[in-house]
Structures are given as structure tokens and as C-alpha cells.
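Dear colleague,

I am passing on a structure that I would like you to look through when you have time. My notes on its charged pairs and its pockets follow below.

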Amino acid sequence: MHKRLVVAALQLPTLGMNATRLEFYLKQAFQRKADVMLLGEYVLNHFFKEFETMSKAMLKEQTRKHIELLKKFAQKYEITFIAPIILTKKDGFHKTIAKVTPKSISYYEQQILLPYAHWNEKKFFSNDTSDKLKSPMSFSIKGFKVMVMGGFELHFDYFWQKVTEKKADLVLLPTASTFGSHNRWREIIKTKAFLHSCFILRANRLGEYQDEDVKWRFYGDTMLVNPEGEVEMVLEDKESMLVEVIEKSEVSEHRKAWAFERELKGRI
């Protein structure tokens, strides 16, 4: 019996407190029997540089409302959400990814954050970035092994070693990419999918942020890449939703044909 999974990715700017647009797309996803829906970074919450103009209470309420909505929608539309969300704790803000199913909710706290002067999530958030790295969030659904990692974590081999070790069939990658980095992200994602014999679903946000000197433009380019490293579907730069069927046989055939894992067995 062929194992199939219907995956969806939403390409949106920050939703704020309005859930109307989210449910509009969910109704369509439900009609197409979507099993998993991925959202980009800073869609349920504002971009972290905008937090300075928001009260802590407002951000906390934004998160609370969206978690409640995702719980309700997960049950109503029988879908699993993977959605980046900011949690407010005693020591500050924590950048996490929520997995919301019809029956449960769990969180993955991003382990490596951007540390650069112009984009310093590491300094802003209170995530523990000094502890030893742990395997990212993983789960099984309809016979597929799925792994979730933060967008910036894509750049670190440790996480891809875990993809290989756990034989993940699908990697979910929420991002907030900007500054015309389309081609670099595309090429890295395509290469990782091929080398690690998996599908990669990337959801990148839309929208703009005006800095003192520069306008940050989040360009979309949400995509599904197959184990051959080919882009099966891409949304380019407009608000939209991707819904595609993936087959486990494509992963199995790629692993059998290239046998990367077999050549390493017992040698590392």
C-alpha cells in the first residue's frame, strides 16, 4: 500500500489578532485533505524588532489567542499545525515552534539563533543557547517520519545528522528570509534534500519591516523540494497556500538508488 501525506504551507505576513484569513485557507486545506500545515516565522507574532513598540502584555495575549485558535482549528479541520510562536516566560521571550494536533500541543525551543549585529535574535530572546545541542522536534504521521527545525538551524550539520539518524522522510522548515537571499536558500534546501534523502517543506513569511536605514522585505518563496533535489512547487512572492501530496516511495527509491547511508554504516 502506497503511503501518502498531504502537506500544506501558508505564505502570509503577520496575522496580528485576526484569524479570518487563517480560517479562509484552512477551509481550502481541509477540502484537499491536508494532514499537516506549516506556517512561516513571525506570522502568528510580529517580527521581533517590532516588539519594542508593543507591550509585553499585548504580545503575551497575541500568543495566547493564536494557540487557542490553533487548538480549535486542529480539532475542527483534523490537521496538525507546525507554527513558530513566541512564548513569554519569567526570564523573557522564547522563540519556539509549536506542534498543535487535535489532541495535544508541544513546543520545540530553537537552539541556535541568529547572532548578527543587524539581526541579533540570540541577544533578544532568552532561549538557552549555551547548552549541548539536542535532537530537534520529530514525530510520525501516517507512516512518515517528520523532523522540524528552526530556519537558521538549516545551516548546521548537527541537525542534518539527526535527519539521517532518525531516517526522517520530511523536514519542515519555517523561515523569515529577506535581503534577496532567494537563490542561496533554494540551493541549500535542494542540496540538503538530495544528500539526506528527504522531502523539505519550507514556509517563508511575507511582509516588510522598516529599519532606520533599510527596508526589510520578506519575499516568500515557500516551496516543496523532493528527495531528488527538485522543486516540486513554489509560491514566489504573493500571499498564497501550497498543498501537495508526497509519497513515501519517492524517499525509499532515492535511498535505495544512492545508498549514502549504507556507505557510512559502521564507519562513524
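Please keep in mind throughout that this is a predicted model.

I begin with glutamate 23, which is buried, its relative accessible area of 18% falling under the 20% cut-off. This residue is one half of a salt bridge, since its side chain meets that of lysine 76 with an N to O distance of 2.9 Å. Because glutamate 23 belongs to helix 1 (residues 20–31) and lysine 76 to helix 2 (residues 56–77), the pair ties together parts that are 53 residues apart in sequence. Lysine 76, unlike its buried partner, counts as partly exposed, at 49% relative accessibility.

Helix 2 also holds a pair of its own, for glutamate 61 and arginine 64 both lie in that helix, three residues apart, or about one turn. They form a salt bridge in which the closest N and O atoms are 2.7 Å apart. Both ends are partly exposed, glutamate 61 with a relative accessible area of 33% and arginine 64 at 45%.

Further along the sequence, the side chains of aspartate 131 and lysine 134 meet in a salt bridge at 3.2 Å, N to O. Here aspartate 131 is partly exposed at 45% relative accessibility, and lysine 134 is likewise partly exposed, at 49%. Elsewhere, Glu41, Lys95 and Glu121 are joined into one network by salt bridges that share partners. The search of the whole structure finds 20 salt bridges, so the pairs described here should be read as examples from that set.

Turning to the pockets, the largest contains about 580 Å³ of space. Its lining is made up of 18 residues, and those nearest the centre are Thr164, Phe260, Glu261, Arg262 and Leu264. Helix 4 (157–165), helix 6 (248–258) and helix 7 (260–264) are the elements that each give two or more residues to this lining. By character, the lining of the largest pocket divides into six nonpolar, five polar and seven charged residues.

The second largest pocket holds about 290 Å³ of space. It is lined by 16 residues, with Leu114, Trp119, Ser177, Arg184 and Trp185 the closest to its centre. In this second lining there are seven nonpolar, seven polar and two charged residues, whereas seven of the residues that line the largest pocket are charged.

With best regards

Technical notes:
Residues numbered from 1 in each chain as written. Predicted model: local features only at pLDDT ≥ 70, side-chain atom pairs only at ≥ 80, totals over all residues. Heavy atoms only, no water. Salt bridge = Lys/Arg side-chain N within 4 Å of Asp/Glu carboxyl O. Helix = DSSP H or I, 4+ residues; strand = E, 2+ residues; numbered from the N terminus. Buried < 20%, exposed > 50% of the residue type's maximum accessible area, 1.4 Å probe, protein only. 1 Å grid on protein atoms, 1.4 Å probe; cavity = no way out; pocket = protein on both sides within 12 Å on 5 of 7 lines; lining within 4 Å. Points joined across faces, edges and corners; volume = space filled by probe spheres on them. Nonpolar A, V, L, I, M, F, W, Y, C, P; charged D, E, K, R; others polar.
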